[in-house]
Amino acid sequence: MKNYVSASDVLPENLLREIQKYIQGKTLYIPAPKGSRKKWGHVSGHREFLMNRNAEIRKLFQQRITVDELASSFCLSHESIKKIVYNTKA
């Protein structure tokens, strides 16, 4: 499990007692409210890294760098490079 916080450290005593009626001594996951969850990679920055890498791959492909060369340079499969350079959503 990532990191957890003890309920007794953050919840008011009356709420803690109410929750203890349903669960005791176990780990309880409380999800974030709908709409407040961050998309994959936003917290770590990995999403931005991949977007920048893919933009660089597309730029090089437009400069006539071959799929073989891009696959070797970026340590990706030929199919991954093709998906990146032929993706019309980017």
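Start by selecting helix 3 (residues 46–62) and helix 5 (residues 78–85) in this predicted model. Their axes come within 9 Å and cross at roughly 85°. An angle from 65 to 115 degrees counts as roughly perpendicular, so that is how helix 3 sits relative to helix 5. Turn the view until you can look along one axis and across the other.

Next, show the side chains where these two helices touch. On the helix 3 side, pick Arg53, Asn54, Ile57, Arg58 and Phe61; on the helix 5 side, pick Ile81, Ile84 and Val85. Try colouring them by class: the contact has five nonpolar residues, two charged ones and one polar one.

Keep Phe61 on screen, since the next stop starts from this helix 3 contact residue. How many aromatic pairs does the structure hold? There is one, and its partners are phenylalanine 61 and tyrosine 86. A pair of aromatic rings is described by the distance of the centres and the angle of the planes. Here the ring centres are 5.7 Å apart, with 80° between the planes, an edge-to-face arrangement. Planes over 60 degrees apart count as edge-to-face, which is why the pair gets that label.

Now trace the chain from one ring to the other. Phenylalanine 61 belongs to helix 3, while tyrosine 86 is in the segment after helix 5, so the pair ties together parts 25 residues apart in sequence. Add a surface and compare the two partners. Phenylalanine 61 has 25% relative accessibility and so counts as partly exposed, whereas tyrosine 86, at 54%, counts as exposed.

From here, move into the loops. Select arginine 64, in the loop between helix 3 and helix 4 (67–74). Its phi is near 75°, a positive value in a residue other than glycine. Is arginine 64 buried or exposed? Its relative accessibility is 75%, so arginine 64 counts as exposed.

Then step along to cysteine 75, in the loop between helix 4 and helix 5. Cysteine 75 also has a positive phi without being glycine, near 55°. With a relative accessible area of 71%, cysteine 75 is exposed.

For the last stop, go to helix 1 (residues 7–10) and select valine 10. Valine 10 is exposed, with a relative accessible area of 56%. Draw a distance from its C-alpha atom to that of isoleucine 84: the separation is 45 Å, for two residues 74 apart along the chain. Isoleucine 84 brings you back to the opening view, as one of the helix 5 residues that meet helix 3.

Technical notes
Residues numbered from 1 in each chain as written. Predicted model: local features only at pLDDT ≥ 70, side-chain atom pairs only at ≥ 80, totals over all residues. Heavy atoms only, no water. Axes fitted to C-alpha atoms, helices over the stretch in contact; angles between N-to-C directions. Helix = DSSP H or I, 4+ residues; strand = E, 2+ residues; numbered from the N terminus. Parallel < 35°, antiparallel > 145°, perpendicular 65-115°, else oblique. Contact = heavy atoms within 4.5 Å. Nonpolar A, V, L, I, M, F, W, Y, C, P; charged D, E, K, R; others polar. Phe/Tyr/Trp six-rings, centres within 6.5 Å; stacked < 30°, edge-to-face > 60°. Buried < 20%, exposed > 50% of the residue type's maximum accessible area, 1.4 Å probe, protein only.
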